[in-house]
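Please open the model in the viewer and display it as a cartoon. The tour begins with the whole chain and then turns to one sheet.

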Amino acid sequence: MIRLLTSLLFLAAVVPALAQPFTRADSLRGALRPERTCYDVYFYDLEVKVDPEKQRISGRTDIHFTAMQNFTEIQVDLFANMFVDAITFEGKALDYRREFDAIFIEFPEEIRAPQQGMVRVAYSGNPQVAARPPWDGGFVWKKDSNGKPWVGVACEGTGASLWWPGKDYLGDEPDSMRISVIHPIGLKAVCNGNQRSVTDLDVNWTKTEWFVSYPINNYNVTLNIGDYLHWSDTYTNASGTHPLDYYVMPENEAKSREQFAQVKPMLEVFEKHFGEYPFWRDGYALVETAYLGMEHQGAIAYGNKYLPGYAGYDALDLGWDYIIIHESGHEWWGNSVSCKDHAELWIHEGFCTYSEAVYVEALFDKATAVRYLRSQRRSITNLSPIVGPLDVNFNNWSGSDMYYKGSWMLHTLRHQVNDDELWWKTLRNFAETFRLKNTDTQEVIAWWNEALGADYTWLWRQYLYHAAPPRLLYKLKKKGSKKTKLRFKWEAGESDFRLPLTVQSTSGEPVKIYPTTDWKKAKITVPFDQFKFDYSTWYGKTRNVGKK
């Protein structure tokens, strides 16, 4: 997901959320309860009719499952403001009860593992409207410049169950999915995957069917309806020639052809460092939207208005389109390598935000990448730990620090490893090892420790589980004209935090020190009046507690 541009917007959105108590509704949506673990979804067949005039949808989801344990009841999720019209299994109506946004479906006989089956949930209603998409989840009902309907949906964090019923849990992705949209005739419906058919049902309605051939997390399932112009291109890599599809407003065709030229060099950079694009069977697409953007798998929402940077804000004057680069980065980080719980969305956002710096380094050089990282650093807030509480679907916990602080954590780790060949090899191997898989923080840390051949748990945990950054406390004393006596220690949440730091000098070679959380002393060949820290390779703070 894209991040907020200003700290004021972030604070307005996040601070109230930090004080929010957890409720039964939070647990129902966030926890892996027996009614969820007892079945695994392997295929969704979603059909939805979208009426822009009434801002209403109606349809059904066929949930194809495998029983993992014996059960007589399962939980399916659908927002309480949406109506359940019927629930059936093998042609028979099932009893159910609703609690907040959860539906508990009762089966007349025990379903025994590993039995497979299909439950159909028919539903209708006026779905939640996004007040400020994509940060507030919901439907986006707009008109294009010619007054025609222009519809989209974005629901990361809020949940896919705001508009279709299913198991709204990130850790259970179907192996594949069919999405059929019934929409006003004369418009196009663009979803994830590949378009299979377009059928006019009558003089008013058209049905468009799309098929996703890969696992997909629920919030990435999308639909876009509008008077789209479709144009195509191709991208060639070692495995062959692949389609690139673009859906834009007709008046923006020329702009899009110029702006979307950035896609091919971006793919080259990301494929080099993260492995091959994960979804080539379904293709790569950008779909113009009336909101800023979202990483919808294989159908990336693009609403940056063909401007450089972030909605035209390009502080370093680098010239590239933030939405194209960031949201495409999510195809690897979030859509392919995925977390299981919203509290660990840093796995999506931290790696993806770091991928921006990877792109800048490839496009320009390492020094420019550091300048770009410094521009990110200004937005770190240190208001809460990056990893939030599990099992409560509390998606606002991490705020913007899962982006910027997550990115700087990886940058810090790179320089701690101090071996770029090993770093780039490990980053790519990580993306390929967890390709199309769900993971969690503990598994990520363990994998990286093993791959790097060293235990960096102290580094990961400091940045992920503590709101306050590490802070170096130090004291200086002049020792002649060329040396400085230094006492120092880390003030950190992790008792074994031990990040080395570099002290710079304007007249000589830099000197490395090795602080721990205990006071240490050293006499270094850096003149007292030239002493300064190199902040370009790590994130944290320093405090001089005694200068003589």
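How many helices and strands does the secondary structure of the protein come to? The count is 12 helices and 29 strands, where helices (H or I, at least four residues) and strands (E, at least two) are DSSP runs numbered from the N terminus. The model is predicted: local features need pLDDT of at least 70 and side-chain atom pairs pLDDT 80 or more, whereas totals for chains, interfaces and linings use all residues. Residues are numbered from 1 along each chain as its sequence is written, and side-chain values use heavy atoms, with hydrogens and water left out.

**Whole protein**

Keep everything selected. Along the principal axes, the C-alpha atoms fill a box of roughly 90 × 55 × 45 Å. Of the 548 residues, 60% count as buried, that is, under 20% relative accessible area with a 1.4 Å probe, protein chains only. Carbon and sulfur atoms supply 49% of the exposed surface of about 21600 Å², computed by the Shrake-Rupley method with a 1.4 Å probe.

**The sheet S3-S7-S6**

Next, select residues 71–77, which form strand S3, and 95–99, which form strand S6. Add residues 102–111, strand S7. These three strands make an open, antiparallel sheet in the order S3-S7-S6; two strands pair if DSSP finds at least two bridges between them. S3 and S6 each have a single partner strand, so one side of each lacks a neighbour in the sheet. From one strand to the next, the twist averages 25°, taken between axes fitted to C-alpha atoms, with angles from 0 to 180 degrees between N-to-C directions.

Finally, focus on S3 and S7, which are joined by six bridges. Select Val76 and find Ile103 of S7 opposite.

Technical notes: Buried means under 20% relative accessible area, exposed over 50%, partly exposed in between (1.4 Å probe, protein chains only).
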